[in-house]
Amino acid sequence: MTAAHHLNTPDLFALSEIHGPVLRPGDDGYADEVTGFNLAALHTPDVVVGATGVDDIVTALRWASATGTPVAVQSTGHGANFPIDHGLLINTARMTDVRINPAERLATIAAGAKWRHVLEAAAPHGLAALCGTSTDAGAVGYTLGGGLPVMGRAYGYAADLVRSFQVVTPDGTLRESDPDHEPELFWALRGGKGNVGVVASMVCELLPVPTLLGGGVYCPGEHTEALLRTWTDWTRTLPDEMCSAFTLLRLPPIPEIPEPLRGGFWARVAIAWPGDPAEGERLLAPIRAAAPVAVDTVEVMPYAALDRIHMEPQDPLPARESCALMRDLTPDAIDTFLTQVGPEVPDCPLLLVEIRHMGGALSRPARLEDAICARDANYLLETVGVLAAPPAAEAIEQSTRALHTAMAPYGTGYTMVNIHGTPGDESDRARAWTPEVYNRLRQDKSTYDPSNLLRFGHTVTA
């Protein structure tokens with residue numbers, strides 16, 4: 001039993017220096033403080049600290065180190081696939097400061113800032129950041145997992161643009177990490193997730209991309225095969241700047257989903273193109289001709305309006321996600337995919353099944369060595385199911401496992417840590433990295449977190 005299982009008031013005295021709230025189960029505000037976006041992970045820590053700045057993080061980690069209390073970190077909770085039981089939860093959601101240096105095209109981003117905060121600060125300067133399909137996600141946590149951006153084929157991974165981190169290691173030491181200072185820590189933080197410390201802020205490069213051509217082409221689900229085969233062939237001929245994903249959507253009949261998509265089964269190709277809009281429209285023509293188009297949202301939009309492209313849920317929900325990196329989409333792979341989740345499977349319980357086009361800048365060697373292990377993938381398969389009730393949860397789990405098992409022969413054998421889903425045993429967790437990278441992360445873990453305080457979520461073992 002850890003010390004965190006029987007904390008008393010004297011144990012918590014050192015946390016009285018915290019500027020934000022320090023709450024235990026039963027305290028007013030505790031439930032709100034521990035709840036994240038993914039409601040499937042119901043956290044029950046012994047104590048939660050609502051950090052307001054780096055000093056609070058330092059104090060909390062020094063206390064955890066002194067008491068042997070395990071630690072977890074949460075900003076938005078989009079990646080909360082693992083319930084935190086006992087221990088200390090550091091909530092960084094109050095740390096939302098974003099500072100833009102337009103002359104050097106840099107953003108200093110605090111631990112709890114969402115990508116939305118970053119885009120809002122950068123947009124007046126005509127600048128953009130490499131965020132994912134939802135700007136509601138936390139910028140730091142997303143980047144620690146490598147970060148697979150909507151514009152990834154054009155510009156690479158979010159971690160590729162990081163200049164430096166301000167990080168507190170589990171012993172409570174505040175460190176500045178960049179290529180010249182703590183370079184091994186800098187390596188592990190770019191793709192190794194939260195295994196070696198708690199990031200208080202990071203400095204990232206921004207891109208001069210004020211607008212883009214983006215949106216989705218939606219076809220009725222019965223035309224899935226025609227659209228998928230056309231999209232697959234189309235992806236083999238595209239310039240690197242064309243970013244796209246093929247998605248199957250089985251949408252519930254709820255008011256949050258706009259008509260006419262509400263309650264329907266749709267096959268969609270979503271695109272993002274930073275080049276000349278006329279050229280992007282020309283490139284898109286084969287997709288629009290592949291099947292009857294019911295809804296077409298592709299338009300020139302401000303980069304800050306990126307959420308319009310994938311139209312992900314904006315309200316918290318209980319979700320089960322999973323992913324697999326794919327070598328290729330052969331005709332046999334497409335046949336297998338359709339057998340598992342296509343229109344001939346009307347009772348498929350998955351809200352979303354998506355195949356993202358990788359390659360381009362996502363496959364180029366990193367400018368600085370990092371822990372990202374997805375550069376050899378040509379596609380990524382992702383699934384999301386909403387866990388509305390126990391029978392639905394069981395069906396979602398079965399469908400998820402069946403699809404990934406069937407598609408395994410076409411995969412690389414690896415996942416991306418941010419969308420890996422609920423981490424299983426050590427061999428399952430290790431699938432987010434190659435054996436060489438995983439062993440290096442283990443060595444770094446033993447250096448920076450020898451007591452294994454950061455043991456929640458998708459962690460490695462020392």
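**View 1. Eleven names around a hidden space: Gly145, Gly191, Ala371, Ile372, Cys373, Ala374, Thr415, Met416, Val417, Ala432 and Trp433 line the second largest cavity.** This is a predicted model, so keep that in mind for every view here. The space inside comes to about 70 Å³. Sort the lining by class and you get 8 nonpolar residues, 3 polar ones and no charged ones.

**View 2. Here's the largest cavity, with about 150 Å³ of space.** Look for Pro149, Val150, Cys243, Ser244 and Arg356: of the 18 lining residues, these sit closest to the centre of the cavity. Several elements each give two or more residues to the lining, namely helix H5 (152–155), strand E11 (243–250), strand E12 (265–273), helix H9 (307–310) and strand E16 (352–357). As for class, this lining has 11 nonpolar, 5 polar and 2 charged residues. Across the whole structure, a search turns up 3 cavities of 30 Å³ or more.

**View 3. Now zoom in on helix H3 (residues 115–122), where Trp115, Val118, Leu119 and Ala122 are buried.** Why do these four end up on the same side of H3? They cover an arc of only 95° around the axis, and that puts them on the same side. There's a handy rule behind this kind of pattern: an α-helix has 3.6 residues a turn, so residues three or four places apart point the same way.

**View 4. What do the buried residues of H3 pack against?** Their partners are strand E5 (98–101), strand E6 (106–110), helix H4 (139–144) and strand E9 (198–205).

Conventions. Residues numbered from 1 in each chain as written. Predicted model: local features only at pLDDT ≥ 70, side-chain atom pairs only at ≥ 80, totals over all residues. Heavy atoms only, no water. Buried < 20%, exposed > 50% of the residue type's maximum accessible area, 1.4 Å probe, protein only. Arc of directions from axis to C-beta. Contact = heavy atoms within 4.5 Å. 1 Å grid on protein atoms, 1.4 Å probe; cavity = no way out; pocket = protein on both sides within 12 Å on 5 of 7 lines; lining within 4 Å. Points joined across faces, edges and corners; volume = space filled by probe spheres on them. Nonpolar A, V, L, I, M, F, W, Y, C, P; charged D, E, K, R; others polar.
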